[in-house]
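I am opening a notebook on a structure that I have not looked at before. My plan is to look up how its parts are arranged and to write down what I find.

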Amino acid sequence: MARATARHILVPTEAKCNELKAAIEGGADFALVAKDNSTCPSSRQGGDLGSFGPGQMVKEFDTVVFSAPLNVVQGPVKTQFGYHLLEVTSRQD
């Protein structure tokens with residue numbers, strides 16, 4: 001069964017999501033940006049979500065996590081929780 005590890009940043013607005021993505025692409029550390037900005041409890045671990053399989057996260061999240069290239073920040077991804085930046089750190093298909 002497919003498994004992935006990923007980290008994410010959750011914020012309430014698309015504008016904030018884009019602002020943080022630009023900062024990360026400009027060299028800011030993903031984990032520090034997550035700790036300082038993410039509204040998800042995973043922010044304490046730098047946004048690390050650990051390992052999970054298909055169907056364990058919301059559909060919009062799954063679609064990105066199980067198709068995006070590794071170690072490339074994706075987003076904004078809108079879910080019922082807000083706007084996410086996602087980075088897939090490993091995947092076994």
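Before the entry on how a helix lies against strands, I note that contact here means heavy atoms within 4.5 Å, and that angles run from 0 to 180 degrees between N-to-C directions. I also keep in mind that this is a predicted model.

**Entry: helix 2 and its neighbours**

I looked up helix 2, residues 30-37, and found that it lies across strand 1 and strand 4, running at about 45° to strand 1. Which residues of helix 2 are buried? I noted F30, V33 and A34, and, seen down the axis of the helix, these buried residues fall within an arc of 100°, so they line one face of helix 2. This fits what I know of helices in general: an α-helix has 3.6 residues a turn, so residues three or four places apart point the same way. The buried residues of helix 2 pack against strand 1, helix 1 and strand 4, whereas L32 and D36, on the other side of helix 2, are exposed. I then checked the start of helix 2, where a side-chain oxygen of D29 comes to within 3.1 Å of the backbone nitrogen of A31.

**Entry: the sheet**

In what order do the strands of the sheet run? I found 4 strands forming an open sheet in the order 2-1-4-3, with antiparallel pairing. Strand 2 and strand 3 are the edge strands, each pairing on one side only. I recorded that neighbouring strands of this sheet are turned by 35° against each other on average, with direction ignored. Looking at one pairing in more detail, I saw that strand 3 and strand 4 (residues 82-92) pair in the antiparallel sense over 4 bridges, and that T79 stands opposite G82 in strand 4. Helix 1, residues 14-25, packs on this sheet and touches strand 1 (3-11), strand 3 and strand 4, while its direction makes about 45° with that of strand 4.

**Entry: an aromatic pair**

I looked for aromatic pairs and the count came to 1. The pair is formed by F52 and F66, whose rings are edge-to-face, at 6.3 Å centre to centre and with 90° between the planes. Because F52 lies in strand 2 (residues 48-52) and F66 in the loop between helix 3 (59-65) and strand 3 (74-79), the pair ties together parts that are 14 residues apart in sequence. Is F52 buried or exposed? At 2% relative accessibility, I count F52 as buried.

Key: Residues numbered from 1 in each chain as written. Predicted model: local features only at pLDDT ≥ 70, side-chain atom pairs only at ≥ 80, totals over all residues. Heavy atoms only, no water. Phe/Tyr/Trp six-rings, centres within 6.5 Å; stacked < 30°, edge-to-face > 60°. Helix = DSSP H or I, 4+ residues; strand = E, 2+ residues; numbered from the N terminus. Buried < 20%, exposed > 50% of the residue type's maximum accessible area, 1.4 Å probe, protein only. Pairing = 2+ DSSP bridges. Arc of directions from axis to C-beta. Polar contact = N/O pair within 3.5 Å; in protein donor to acceptor, adjacent residues only side chain to side chain.
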